[in-house]
Amino acid sequence: MTAEHERKYNIRISPSGWSYFRRTHGLDPRQVRDEELIPWGVEPRHKYHYLVVLLRAEARRRAGKTLNQNDNYRVDALLRELKERHLVVHYDPDTEEGFHLVPGEQGDVDIIRQPAKVTRKRRSRDPSTA
């Protein structure tokens with residue numbers, strides 16, 4: 001969008017400018033933030049780990065966004081593995097890998113191990129208050 005706008009009007013608008021535009025005009029944000037699936041403050045070294053990438057894709061799907069065929073396949077494969085092996089995704093920022101599949105416990109109600117406390121550094125915006 002930035003490149004097309006710059007080509008047409010010779011004005012460059014940064015990604016944060018587009019984000020501001022969307023927010024001030026009542027449009028849904030481009031990115032989906034799901035604190036139920038990703039309640040952790042993910043360390044920069046872990047932010048592209050395969051499991052968190054798939055959690056983000058599942059969050060987009062749950063929000064009604066369309067995934068490409070490859071992302072659909074990968075998320076479906078993860079969900080199938082979690083169900084068949086009774087596993088959940090766990091995040092431990094103090095480990096090298098960060099994200100792990102661990103055996104599900106009685107308190108696990110979704111596909112992640114819910115932390116005792118949400119550690120996200122930024123909270124999702126509530127669209128109704130924007």
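Where is D108 found? Before selecting D108, please note that the model on the screen is predicted. D108 belongs to the segment after β2, a strand that covers residues 99-103. This tour returns to that residue once the overall layout is clear.

**The whole chain**

Begin with the complete chain in a cartoon view. It contains 4 helices and 2 strands, and their order from the N terminus is α-α-α-α-β-β. Of the 130 residues in the chain, 28% are buried. The chain exposes about 9,600 Å², and carbon and sulfur atoms supply 50% of that area. Among contacts with a separation of 6 or more, 51% involve residues 24 or more positions apart.

**First stop: D108**

Now select D108 and show its side chain. The relative accessibility of D108 is 18%, and the residue therefore counts as buried, since the cut-off is under 20%. A polar atom of the D108 side chain lies 2.6 Å from the backbone nitrogen of E105. Beyond the residues up to four places away in sequence, D108 touches V88, P103, R113 and Q114.

**Second stop: the two strands**

Select β1, residues 87-91, together with β2, residues 99-103. The two strands pair in the antiparallel sense, over 5 bridges. In β1, 4 of the 5 residues are buried, so the rest of the structure largely encloses this strand. Which residue of β2 stands opposite Y91? It is F99. In a regular strand, side chains alternate between the two faces of the sheet.

**Third stop: the aromatic cluster**

Keep Y91 and F99 selected and add W40; these residues form one aromatic cluster. A search of the whole structure finds 3 aromatic pairs. One of them joins W40 and Y91 and is tilted, with 5.8 Å from centre to centre and 55 degrees between the planes. This pair links distant parts of the chain: W40 is in the loop between α2 and α3, Y91 is in strand β1, and they are 51 residues apart. A pair of aromatic rings is described by the distance of the centres and the angle of the planes. Are W40 and Y91 buried or exposed? W40 counts as buried because its relative accessibility is 5%. Y91 is also buried, with a relative accessible area of 5%.

**Fourth stop: the nonpolar core**

Widen the selection to the largest nonpolar core, which has 19 residues. W40, L55, V89, F99 and I112 are those with the most contacts inside this core. The elements that give two or more residues to the core are α3, α4 (69-85) and β1 (87-91). Its largest share, 6 residues, comes from α3. To see how one core residue is placed, select I112. Not counting residues up to four places away in sequence, I112 touches E36, L37, P39, W40, L55, V88 and V89.

**Fifth stop: H46**

Next, select H46 in the loop between α2 (15-24) and α3. Its relative accessibility is 2%, so H46 counts as buried. With residues up to four places away left out, H46 touches V52, Y91, D92, P93, T95, E96, E97, G98 and F99. Two of the aromatic residues already visited, Y91 and F99, are therefore included among the contacts of H46.

**Sixth stop: R62**

Move to helix α3, residues 50-62, and select R62. R62 counts as partly exposed because its relative accessibility is 41%. What does the side chain of R62 make a polar contact with? The partner is the side chain of D110, at 2.8 Å. Leaving aside neighbours within four places in sequence, R62 is in contact with L37, D110 and I111. Measuring from C-alpha to C-alpha in the viewer should place R62 and D34 9.2 Å apart in space, although 28 residues separate them in sequence.

**Last stop: two loop residues**

Finally, select N10 and H86. N10 is in the loop between α1 (2-9) and α2, and H86 is in the loop between α4 and β1. N10 has a phi near 60 degrees, a positive value in a residue other than glycine. The phi of H86 is near 55 degrees, again a positive value in a residue other than glycine. N10 counts as exposed because its relative accessibility is 67%. H86, at 60% relative accessibility, likewise counts as exposed.

Conventions
Residues numbered from 1 in each chain as written. Predicted model: local features only at pLDDT ≥ 70, side-chain atom pairs only at ≥ 80, totals over all residues. Heavy atoms only, no water. Buried < 20%, exposed > 50% of the residue type's maximum accessible area, 1.4 Å probe, protein only. Contact = heavy atoms within 4.5 Å. Areas by Shrake-Rupley, 256 points an atom, 1.4 Å probe, with all protein chains shown as cover. Polar contact = N/O pair within 3.5 Å; in protein donor to acceptor, adjacent residues only side chain to side chain. Core = buried A, V, L, I, M, F, W, Y, C linked by side-chain atoms within 4.5 Å. Phe/Tyr/Trp six-rings, centres within 6.5 Å; stacked < 30°, edge-to-face > 60°. Pairing = 2+ DSSP bridges.
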